[in-house]
Amino acid sequence: MPALDIIQLGNPILRAQAVTLTSVQIEQSAPFLGSLKDIMSKYQGVGIAAPQVGQSVRAFIVASRPNARYPHAPLMEPTAMLNPELLWQSDEMEQDWEGCLSIPGIRAKVNRHKRIQVRYQTESGQVIETEFDGFIARIFQHELDHLNGIVFLDRAGKHDVVTENEYQKLMGISQ
């Protein structure tokens, strides 16, 4: 498999509707998902979607953990989610800061559902239904947006966008 790298805003793949993975593709997904996890870790992401590395398929990784970009993130084992679906969302919304590996140097406040119920397939094809809340629900919604050609800036108010340096100052994060 060729080395993967993050594509950036402006690449048309980020605006395309990703295609559903077949059962054969799921069976053969392990090497790709391993590479996806590696690149996410390299860039200190807490999630990454296949379109962000130029692969327009319905797959992403959620891997919340504290790091320099998200020092207060809860800890969650990296989880590959194939053909993910949003089944239910709470009426309660929560606005918080987001960033994106495909839009480096920018953060924005985005409103997301506080609690969600989801369904996805694992690398082995097992179907999982579960609920997420808070930061992990935010990651899932952010990554699901990528599969639908939406980036976080599409959901931000025009006065809620800052550079990474300004964000770090606002949050009191040393650079």
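This report describes a sheet, the helices that pack on it, a cavity and one glycine in a predicted model.

**The sheet**

Strands of a sheet pair through backbone hydrogen bonds, and they may do so in a parallel or an antiparallel manner. In this model five strands form an open sheet, which follows the order β1-β2-β3-β6-β7 with antiparallel pairing. The edges are taken by β1, which covers residues 47-49, and by β7, which covers residues 127-133; each has a single partner strand, so one side of each is left without a neighbour in the sheet. From one strand to the next, the twist averages 40 degrees.

At the β1 edge, three bridges join β1 to β2, a strand of residues 59-62 that runs antiparallel to β1. One residue pair can be followed here in the structure, since I48 has I61 of β2 as its bridge partner.

**The helices on the sheet**

Two helices can be described against these strands, and the table sets out which strands each one meets and the angle given for it.

| Helix | Residues | Strands met | Angle |
|---|---|---|---|
| α2 | 30-42 | β1, β2 and β3 | about 130 degrees with β1 |
| α3 | 134-147 | β1, β2, β3, β6 and β7 | about 160 degrees to β2 |

Helix α2 thus packs on the sheet by touching β1, β2 and β3, the last of which spans residues 79-89. Helix α3 lies across β1, β2, β3, β6 and β7, where β6 is formed by residues 115-121.

**The cavity**

How many cavities of 30 Å³ or more are counted in the model? The count comes to one, and the volume of the largest cavity is about 150 Å³. Its lining is made up of 16 residues, and those that lie nearest the centre of the cavity are V46, Y70, G99, H142 and E143. Two elements, β4 (residues 93-98) and α3, give two or more residues to this lining, and α3 gives the most, with five residues. By class, the lining of the largest cavity holds seven nonpolar, five polar and four charged residues.

**The glycine after α3**

In the loop between α3 and β8, the latter being residues 156-163, stands G149. Is G149 buried or exposed? Its relative accessible area is 10%, and because buried means under 20%, G149 counts as buried. Leaving aside residues up to four places away in sequence, G149 touches L14, R15, A16 and D154. The C-alpha atom of G149 is also separated by 8.7 Å from that of P51, although the two residues are 98 residues apart along the chain.

Key:
Residues are numbered from 1 along each chain as its sequence is written. This is a predicted model: local features need pLDDT of at least 70, side-chain atom pairs count only at pLDDT 80 or more; totals for chains, interfaces and linings use all residues. Side-chain values use heavy atoms; hydrogens and water are left out. Two strands pair if DSSP finds at least two bridges between them. Helices (H or I, at least four residues) and strands (E, at least two) are DSSP runs, numbered from the N terminus. Axes are lines fitted to C-alpha atoms, for helices over the stretch in contact, and angles run from 0 to 180 degrees between N-to-C directions. Contact means heavy atoms within 4.5 Å. On a 1 Å grid over the protein atoms alone, a cavity is a set of points where a 1.4 Å probe fits but cannot get out, and a pocket is an open set with protein on both sides within 12 Å along at least five of seven lines; lining residues have an atom within 4 Å of a point. Grid points are joined across faces, edges and corners, and a volume is the space filled by probe spheres set on the points. Ala, Val, Leu, Ile, Met, Phe, Trp, Tyr, Cys and Pro count as nonpolar, Asp, Glu, Lys and Arg as charged, and the others, Gly among them, as polar. Buried means under 20% relative accessible area, exposed over 50%, partly exposed in between (1.4 Å probe, protein chains only).
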